[in-house]
Amino acid sequence: MRIIRHDRNHPFVVKLEELPGFDKLTSDDKVLKYEIHLCACGLSHHKPFCDGSHAKTKTEEEGKLYAYDENDQMHALKKEYE
Ligand code: FES
């Protein structure tokens, strides 16, 4: 078992057009001009991609620590942490 703390509640957005070398692609290659959303909350069931599960973190209160079980149920572990 491993415990990992995630503080971020929204994905990392990778815009392919901003990656180094994108300007060197041919126009046919640039059909890949879209965004990839990578999970940063740790709750996605389709990692490394965001599946919207981060919405469950929206009710978390600042300064409290939470855990999510295998049924995606949220549990507050402590009232405060530093
Ligand atoms: S950031 Fe984790 S599911 Fe969206």
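1. Let's start with Ser-53, which sits in the loop between E2 and E3. Keep in mind that this is a predicted model. Is Ser-53 buried or exposed? With a relative accessibility of 7%, Ser-53 falls among the buried residues, because the cut-off for buried is under 20%.

2. What does the side chain of Ser-53 pair up with? The partner is the side chain of Asp-51, through a polar contact of 2.6 Å. If you skip residues up to four places away in sequence, Ser-53 also touches Leu-43, Ser-44 and His-45.

3. Ser-53 and Asp-51 turn up again around the largest cavity, as both are on the list of residues that line it. Others on that list include His-10, Pro-11, Leu-38, Ser-44 and His-54, along with Cys-39, Cys-41 and Cys-50. The cavity holds about 40 Å³ of space, and a search of the whole structure turns up 1 cavity of 30 Å³ or more. By type, its lining splits into 6 nonpolar, 5 polar and 1 charged.

4. Now have a look at Thr-57, which is also placed in the loop between strand E2 (35-38) and E3. Why does Thr-57 count as buried? Its relative accessible area is 7%, and the limit for buried is under 20%, so Thr-57 qualifies.

5. The side chain of Thr-57 reaches the backbone oxygen of His-54 at 2.6 Å. His-54 is a name you have met already, as one of the residues lining the largest cavity. Setting aside neighbours within four places in sequence, the contacts of Thr-57 are Asn-9, Leu-43 and Tyr-68. Leu-43 is also touched by Ser-53.

6. From Thr-57, hop over to Met-74. The two are 17 residues apart along the chain, and their C-alpha atoms are separated by 8.6 Å. Met-74 belongs to strand E4 (residues 74-78). How does its exposure come out? Met-74 is partly exposed, because its relative accessible area of 32% is neither under 20% nor over 50%.

7. Which residues does Met-74 contact, once neighbours within four places in sequence are left out? They are Lys-56, Thr-59, Glu-60, Tyr-66, Ala-67 and Tyr-68. Tyr-68 is worth a second look, since Thr-57 contacts Tyr-68 too.

8. That brings us to the largest pocket. Its volume is about 980 Å³. There are 30 residues in the lining, and Ile-4, His-6, Tyr-66, Ala-67 and Tyr-68 lie nearest the centre. Tyr-66, Ala-67 and Tyr-68 are also among the contacts of Met-74.

9. Which strand gives the most to the lining of the largest pocket? That would be E3 (residues 65-68), with 4 residues. Sorted by type, the pocket lining has 11 nonpolar, 7 polar and 12 charged residues.

10. Finally, step back to the whole chain. You'll find 0 helices and 4 strands, which read along the sequence as β-β-β-β. There are 82 residues, and 16% of them count as buried; Ser-53 is buried, and Thr-57 is buried as well. The chain exposes about 6800 Å², with carbon and sulfur atoms supplying 53% of that area. As for contacts between residues at least 6 apart in sequence, 28% join residues at least 24 apart.

Conventions. Residues are numbered from 1 along each chain as its sequence is written. This is a predicted model: local features need pLDDT of at least 70, side-chain atom pairs count only at pLDDT 80 or more; totals for chains, interfaces and linings use all residues. Side-chain values use heavy atoms; hydrogens and water are left out. Helices (H or I, at least four residues) and strands (E, at least two) are DSSP runs, numbered from the N terminus. Buried means under 20% relative accessible area, exposed over 50%, partly exposed in between (1.4 Å probe, protein chains only). Contact means heavy atoms within 4.5 Å. Accessible areas come from the Shrake-Rupley method with a 1.4 Å probe; for residues, only the protein chains shown count as cover. On a 1 Å grid over the protein atoms alone, a cavity is a set of points where a 1.4 Å probe fits but cannot get out, and a pocket is an open set with protein on both sides within 12 Å along at least five of seven lines; lining residues have an atom within 4 Å of a point. Grid points are joined across faces, edges and corners, and a volume is the space filled by probe spheres set on the points. Ala, Val, Leu, Ile, Met, Phe, Trp, Tyr, Cys and Pro count as nonpolar, Asp, Glu, Lys and Arg as charged, and the others, Gly among them, as polar. A polar contact is a pair of N or O atoms within 3.5 Å; within protein, one must be able to donate a hydrogen and the other to accept it, and residues adjacent in sequence count only if both atoms are side-chain atoms.
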